[in-house]
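Good morning, colleagues. Please take a moment with the sequence and the structure before I begin.

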Amino acid sequence: MTDKEKQIQRAQTFQALHKKDDLLLLPNIWNVGSALVFEKEGAKALATSSAGIAFDLGYPDGEDITFDDLLEMVSKICRRVTVPVSVDFERGYAETGAEVKENARKLLEAGAVGVNIEDGCSDGSLSSLDLQLEKIQALVALKEETGIPFVINARTCAFWYDVAGEEENLSIAIERGRAFAQAGADCVFVPGAMSLVAAKTLIQEIPCPLNLILTPQTQDIQVLNQAGLARLSLGSGPVRATYQGVIQLAQKIQQEQDFTALLQTPLTYAKANEYFKE
């Protein structure tokens with residue numbers, strides 16, 4: 001099987017995971033090590049976290065890293081893992097459909113089989129619906145050109161930015177989600193804090209698989225599964241939990257000269273080497 005055939009197969013697998021009766025729990029990873037850990041522990045697919053990769057490179061989230069930084073990390077991750085990998089490339093690192101298409105082409109060449117494209121601007125507003133549809137349609141054209149059925153995950157930041165309060169956020173998300181689906185998105189992503197009632201309404205009103213993000217209100221997998229949710233992302237939760245541990249470790253070492261965590265970790269050098277062995 002050629003590399004292209006393997007990638008098509010992974011893309012088909014990823015598409016199918018959005019259409020199963022059980023929702024897809026999608027870990028968001030930030031480097032090769034985190035990707036490998038989640039794959040080894042049973043993840044069926046992986047998605048990069050824009051925040052996670054930014055934090056890992058020492059920057060805040062929000063396209064402060066370059067597209068080349070993102071592409072390099074995606075290439076490294078896809079070379080090491082075998083499960084489908086989707087990429088959060090925010091607004092596409094571009095402001096036209098044509099430019100987004102070419103950036104997405106490079107991500108596919110790196111091995112990705114999914115892309116996440118969002119409408120949130122750095123000032124907390126939403127980009128025009130027309131621009132988002134142009135970007136989605138360009139990605140649909142890329143899918144046809146390459147023959148790779150990658151998953152287009154179209155995100156609206158209505159709830160993420162809380163642009164107008166829950167009731168209006170819901171109306172905006174439904175309007176945009178329907179338009180995204182009609183334009184060819186395979187999945188619609190509506191991250192942010194919302195009530196379970198709002199989440200269920202989105203599932204019912206948007207005519208394609210829906211992706212939500214883990215929050216205190218959306219943590220009951222059984223309830224979400226019964227409601228018909230297709231995909232639940234962990235967002236920046238894993239990387240924040242990890243770096244919280246690193247920050248606490250650094251504080252213990254630098255401020256108290258306390259090396260207990262280093263000396264007592266059950267993950268010995270030998271065990272770590274064995275864990276990351278091919």
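**Sheet, pockets and ring contacts**

The second largest pocket has a volume of about 190 Å³. Please keep in mind throughout that we are looking at a predicted model. The lining of this second largest pocket consists of Leu17, Lys20, Asp22, Leu23, Leu24, Leu25, Pro27, Phe38, Glu41, Gly42, Ala43 and Lys44. Sorted by class, that lining contains 7 nonpolar, 1 polar and 4 charged residues.

Let me turn to the largest pocket, which holds about 590 Å³ of space. It is lined by 36 residues, and those closest to its centre are Ser50, Asp61, Asp88, Arg155 and Trp160. Which classes make up this lining? The division is 11 nonpolar, 16 polar and 9 charged.

Several elements contribute at least two residues each to the lining of the largest pocket. Among the strands are strand 3 (46-48), strand 4 (85-88), strand 5 (114-118) and strand 6 (151-155). Strand 8 (210-213) and strand 9 (231-233) belong to that group as well. The helices in it are helix 3 (50-56) and helix 10 (237-256).

Two of the residues closest to the centre of the largest pocket, Arg155 and Trp160, are also in contact with each other through a charge and a ring. The charged end of arginine 155 sits over the ring of tryptophan 160, at 5.2 Å from its centre. A second contact of this kind involves lysine 143, whose charged end sits over the ring of phenylalanine 150, 5.7 Å from the ring centre.

I now come to the sheet. In what order do the strands lie? The sheet is open and built from 9 strands in the order 1-9-8-7-6-5-4-3-2, with parallel pairing. Its edges are strand 1 (24-26) and strand 2 (28-29), each of which pairs on one side only. As a general reminder, strands of a sheet pair through backbone hydrogen bonds, either parallel or antiparallel.

Within the sheet, I would draw your attention to strands 6, 7 and 8. Strand 6 and strand 7 (residues 187-189) run parallel and are joined by 3 bridges. Here asparagine 153 stands opposite cysteine 187 of strand 7. Strand 7 in turn pairs with strand 8, again in the parallel sense, over 2 bridges. Phenylalanine 189 has asparagine 211 in strand 8 as its bridge partner.

Are the residues of strand 8 buried or exposed? Leu210 and Leu212 on one side, and Asn211 and Ile213 on the other, are all buried, so both faces of this strand are covered.

Next, the aromatic pairs, of which the count is 2. In one of them, the ring centres of phenylalanine 67 and tyrosine 93 are 5.7 Å apart and the planes meet at 55°. Why is this pair classed as tilted? An angle over 60 degrees would make a pair edge-to-face and one under 30 degrees would make it stacked; the angle here is 55°, so the pair is tilted. Phenylalanine 67 belongs to helix 4 (residues 67-80), whereas tyrosine 93 is in the loop between strand 4 and helix 5 (97-110), so the pair ties together parts that are 26 residues apart in sequence. Phenylalanine 67 is buried at 9% relative accessible area, and tyrosine 93 is buried at 18%.

The other pair is formed by tyrosine 275 and phenylalanine 276, and it is edge-to-face, with 5.3 Å from centre to centre and 75° between the planes. Tyrosine 275 is partly exposed, with a relative accessible area of 25%. Phenylalanine 276 also counts as partly exposed, at 38%.

The loop between strand 4 and helix 5 deserves a word on backbone geometry. Most residues other than glycine have a negative phi. Tyrosine 93, although not a glycine, has a positive phi of about 55°. Glutamate 90, found in the loop between strand 4 and helix 5, likewise has a positive phi, near 50°. This glutamate 90 is buried, with a relative accessible area of 6%.

I shall finish at glutamate 278, in the segment after helix 12 (269-275). Glutamate 278 is exposed, with a relative accessible area of 84%. How far apart are the C-alpha atoms of glutamate 278 and tyrosine 161? They are separated by 41 Å, and the two residues lie 117 residues apart along the chain.

How values were computed. Residues numbered from 1 in each chain as written. Predicted model: local features only at pLDDT ≥ 70, side-chain atom pairs only at ≥ 80, totals over all residues. Heavy atoms only, no water. 1 Å grid on protein atoms, 1.4 Å probe; cavity = no way out; pocket = protein on both sides within 12 Å on 5 of 7 lines; lining within 4 Å. Points joined across faces, edges and corners; volume = space filled by probe spheres on them. Helix = DSSP H or I, 4+ residues; strand = E, 2+ residues; numbered from the N terminus. Nonpolar A, V, L, I, M, F, W, Y, C, P; charged D, E, K, R; others polar. Phe/Tyr/Trp six-rings, centres within 6.5 Å; stacked < 30°, edge-to-face > 60°. Buried < 20%, exposed > 50% of the residue type's maximum accessible area, 1.4 Å probe, protein only. Lys NZ or Arg CZ within 6 Å of the ring centre and 35° of its normal. Pairing = 2+ DSSP bridges.
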